[in-house]
Amino acid sequence: MIELENKSYPTIGQSFGILGIIILAAILASTLFLLKKFIDAEALQFIYYLLTFGVSFWIVYSIRKRKTGESTFNLKIENRQIIPFIVVSAIALLFGVISPIAELIPMPDFIKDAFLDMAKQSGFFSFLLMVVAAPIFEELIFRGIILDGLLKKHSPVTSILISSIIFGLAHLNPWQFVTAFVIGIFAGWIYYKSRSLSLAIIIHAVVNLTGYLMRYYGDFDSSSMDKTSIEIYGGILNYALVIVVSILVIFGCVYYLNNEFKKNENASS
């Protein structure tokens, strides 16, 4: 038992191996789409996701348990008053940092069509996938297992960057990579400071809920996919104001959160 406790999982190489497991599971699960004539598209996408990440989690969790003896995750939130600041930070990152960066990457027409089809999926199964299943399974894997394991052998910066890169790569396209990478850094920092997986799940759920609500209330067509953020916000000044205000909000929230984490560290030392 002592030997198990001294072991950590995964290493950096094993972390990329986990990415391989996820990609392989996604390829195998994609055979489900042969049934698209018989099953509702959103329900099929939900089942596909559960198979891809559910099976991946089970495999990775089993390996972690066998190698380290760890079988639980820390879901406790020590300081609940920081939750609103985490939520606001996540939304500000989405509109003030992620969207402007992702927009700089050219998008081919066939990718636009694929994203348009996704944007039209705003039913119950899409809600379950985006706001419930994805935050839980992905945070269990990327923060609860990968980041947690890397932090035992590497510096916080290295661990957070590696886990965020892998999180981004798992989304298999550069536009969602930007979102996952940036949110991964923020969720990773929060996890490193708090060791609470629940806070990382909340961040992920907030970002995905924002995306779901945009789907649900948005009026998407082929022309809307060609609009820039400047056009959507009604001009360059409005767009710049959104970015500046978002960045100020992010800095303010992170400053507050960092002070709260320091207080907790001093109280426990």
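## Helix packing exercises

What covers the buried residues of α7? Among the elements doing that job are α2 (12-29), α6, α8 and α9. Keep in mind as you work through the exercises that this is a predicted model.

**Exercise 1. Work out which residues of α7 are buried, and check the length of the helix.**

Step 1: start with the residues. S159, I160, I162, S163, S164, I166, F167 and G168 are the buried ones in α7.

Step 2: look at what lies over them. The cover includes α2, α6, α8 and α9.

Step 3: check the length. α7 has 14 residues, and 20 Å is expected at 1.5 Å a residue. From first C-alpha to last, α7 reaches 20 Å, close to that expectation.

**Exercise 2. Follow the chain from the loop after α7 through α8 and out the other end.**

Step 1: find L172 in the loop between α7 and α8. Its phi is positive, near 65°, and L172 is not a glycine. L172 counts as exposed because its relative accessibility is 57%, and the cut-off for exposed is over 50%.

Step 2: move on to N173, which caps the N-terminal end of α8. A side-chain oxygen of N173 sits 3.2 Å from the backbone nitrogen of W175.

Step 3: test the helix length. α8 (residues 174-194) has 21 residues, so at 1.5 Å a residue it should span 30 Å. The end C-alpha atoms are 29 Å apart, which agrees.

Step 4: pick out the buried positions. They are W175, V178, A180, V182, I183, G184, F186, A187, G188, W189, I190 and Y191. Their cover includes α4, α5 (109-119), α6 (124-151), α7 (156-169), α9 (197-217) and α11.

Step 5: leave the helix. R195 follows α8 and belongs to the loop between α8 and α9. Phi of R195 is near 60°, again a positive value in a residue other than glycine. With a relative accessible area of 31%, R195 is partly exposed.

**Exercise 3. Describe how α4 packs against α11.**

Step 1: get the geometry. Two packed helices are described by the angle between their axes and the distance between the axes. For α4 (residues 83-102) and α11 (residues 236-268), the angle is about 145° and the axes are 8 Å apart.

Step 2: add the handedness. The crossing of α4 past α11 is left-handed.

Step 3: list who meets whom. From α4 come F85, I86, V88, S89, A92, L93, F95, G96, V97 and P100. On the α11 side, they meet Y239, V242, I243, S246, I247, V249, I250, C253, Y256 and L257.

Step 4: sort the contact residues by character. You get 17 nonpolar, 3 polar and no charged.

**Exercise 4. Are S56 and N208 buried or exposed, and what do they touch?**

Step 1: take S56, found in helix α3 (residues 41-68). S56 is buried, since its relative accessible area is 0%.

Step 2: leaving out residues up to four places away in sequence, S56 touches I21, I22, A25, L51 and I141. One of these, I22, is 34 residues from S56 along the chain, yet their C-alpha atoms are separated by 5.6 Å.

Step 3: turn to N208 in helix α9. N208 counts as buried because its relative accessibility is 17%, and buried means under 20%.

Step 4: with the same sequence neighbours left out, N208 touches M130, V131, A134 and P135.

**Exercise 5. Where is P10, and which residue does a cis peptide bond join to P10?**

Step 1: P10 lies in the loop between α1 (2-6) and α2.

Step 2: the cis bond joins P10 to Y9, with omega about 5°.

Terms used:
Residues numbered from 1 in each chain as written. Predicted model: local features only at pLDDT ≥ 70, side-chain atom pairs only at ≥ 80, totals over all residues. Heavy atoms only, no water. Axes fitted to C-alpha atoms, helices over the stretch in contact; angles between N-to-C directions. Helix = DSSP H or I, 4+ residues; strand = E, 2+ residues; numbered from the N terminus. Left-handed = near helix turned anticlockwise from the far one by under 90°. Contact = heavy atoms within 4.5 Å. Nonpolar A, V, L, I, M, F, W, Y, C, P; charged D, E, K, R; others polar. Expected span 1.5 Å × (residues − 1). Buried < 20%, exposed > 50% of the residue type's maximum accessible area, 1.4 Å probe, protein only. Polar contact = N/O pair within 3.5 Å; in protein donor to acceptor, adjacent residues only side chain to side chain.
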